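Me: Please give me a close look at a single part of this structure, with the cut-offs behind each term that you use. I would prefer one connected account to a list.

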Amino acid sequence: NKDKTRDPEMHQTKKGNQWYFGMKIHSGVDAGTGYVHTITATAANTHDIVETHRLVREDDHTVYADSGYLGIEKSDEIKQDEHLSQVEYRIAARPSQNRLTNRYGGFNWDRKIEHDKSSVRCKVEHPFHIVKQIFHCAKTRYRGLKKNLHMFHILFASANLLIAPDQAGKKTFALLWGRCAHLREIPANMERRKQIQARFEYENELSVYKLTKYVNKSLVLLF
């Protein structure tokens with residue numbers, strides 16, 4: 001950048017009282033596994049709703065999102081698409097929409113419903129934590145959206161590899177418990193519980209070790 005000018009493909013935006021200049025990554029995450037399946041890149045001032053139709057897969061029937069996506073069903077891209085118009089959008093409500101106060105003595109079902117939505121939607125934040133805190137990539141490094149998008153494709157694919165051992169460990173633990181129930185063993189048996197837990201930890205550590213070696217080789221080849 002000899003002219004020391006701003007990237008024409010990026011833009012400034014204000015979040016809270018802070019101004020930012022750059023780009024924005026939009027991601028779609030599988031609700032079951034937590035894996036990132038799609039990412040897109042736009043200028044920082046682009047609204048999240050604009051990229052929603054590119055993040056929904058053909059076999060998705062339910063979409064969870066935060067309150068920034070309220071009114072997504074009314075967008076032209078959603079209404080004009082046969083599949084997207086039939087998807088159920090479970091969008092989190094704004095906190096101000098919950099009118100019940102703490103003086104209400106009954107059970108707040110609205111808060112319970114919103115909590116359940118957020119417990120699913122929060123999986124989209126985990127890959128960003130890995131990319132920013134573990135891979136230390138919180139800023140753009142190239143000029144233009146295309147080069148930065150290629151970089152983030154590699155980073156989020158690597159984040160999926162780091163998420164994989166946790167998913168594999170959960171499956172192993174579930175299979176072991178299922179086998180225990182199939183044999184009609186008593187779950188309260190502490191000795192058997194310790195054996196299952198020890199095997200689960202061993203399988204999890206082994207998968208993490210293998211995956212770490214694979215990730216290190218992959219990053220060396222890619223960069």
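Reply: Two strands are said to pair if DSSP finds at least two bridges between them, the strands themselves being DSSP runs of E with at least two residues and the helices runs of H or I with at least four, all numbered from the N terminus. The model is predicted, so local features are reported only at pLDDT of at least 70 and side-chain atom pairs only at pLDDT 80 or more, while totals for chains, interfaces and linings use all residues. Residue numbers start from 1 along each chain as its sequence is written, and side-chain values rest on heavy atoms, with hydrogens and water left out.

The part to follow begins in the sheet and ends among the phenylalanine rings. Three strands make up an open sheet, ordered S1-S2-S3 and paired antiparallel. Strand S1 (11-15) and S3 occupy the edges with a single partner strand each, so one side of each has no neighbour in the sheet. Between strand S2 (residues 18-29) and S3, which run antiparallel, there are 7 bridges; among them, Ser 27 has Ile 39 as its partner in S3, and Gly 28 has Thr 38. S2 and S3 form a hairpin with 6 residues between them, and Gly 34, which lies in the turn, has a positive phi of about 85°. Strand S3 (residues 36-43) is mostly covered, with 6 of its 8 residues buried (buried means under 20% relative accessible area, exposed over 50%, partly exposed in between, for a 1.4 Å probe and protein chains only).

Ile 39, the bridge partner of Ser 27, also leads into the packing. Ile 39 is among the residues with the most contacts inside the largest nonpolar core, which has 21 residues, and that group also includes Met 23, Ile 25, Val 131, Phe 152, Leu 155 and Phe 156 (such a core is a set of buried Ala, Val, Leu, Ile, Met, Phe, Trp, Tyr and Cys residues joined through side-chain atoms within 4.5 Å). Two or more residues of this core come from each of S2, S3, H4 and H5, and the largest share, 8 residues, is contributed by H5. Setting aside neighbours within four places in sequence, Leu 155 is in contact (heavy atoms within 4.5 Å) with Val 131, Phe 135 and Cys 137.

The aromatic rings take the picture further. The structure holds 2 aromatic pairs (rings of Phe, Tyr and Trp, the last by its six-membered ring, pair if their centres lie within 6.5 Å; planes under 30 degrees apart count as stacked, over 60 as edge-to-face and the rest as tilted). The centres of the Phe 128 and Phe 156 rings are 5.2 Å apart and the planes stand at 75°, so this pair is edge-to-face. Since Phe 128 belongs to helix H4 (residues 126-134) and Phe 156 to helix H5 (residues 145-182), the pair ties together parts 28 residues apart in sequence. Both Phe 128 and Phe 156 are buried. Phe 152 and Phe 156 form a tilted pair, 6.4 Å centre to centre with 40° between the planes; being 4 residues apart in helix H5, Phe 152 and Phe 156 are separated by about one helical turn. Phe 152 counts as buried at 8% relative accessibility, and Phe 156 does at 3%. Phe 128, Phe 152 and Phe 156 thus form one aromatic cluster.
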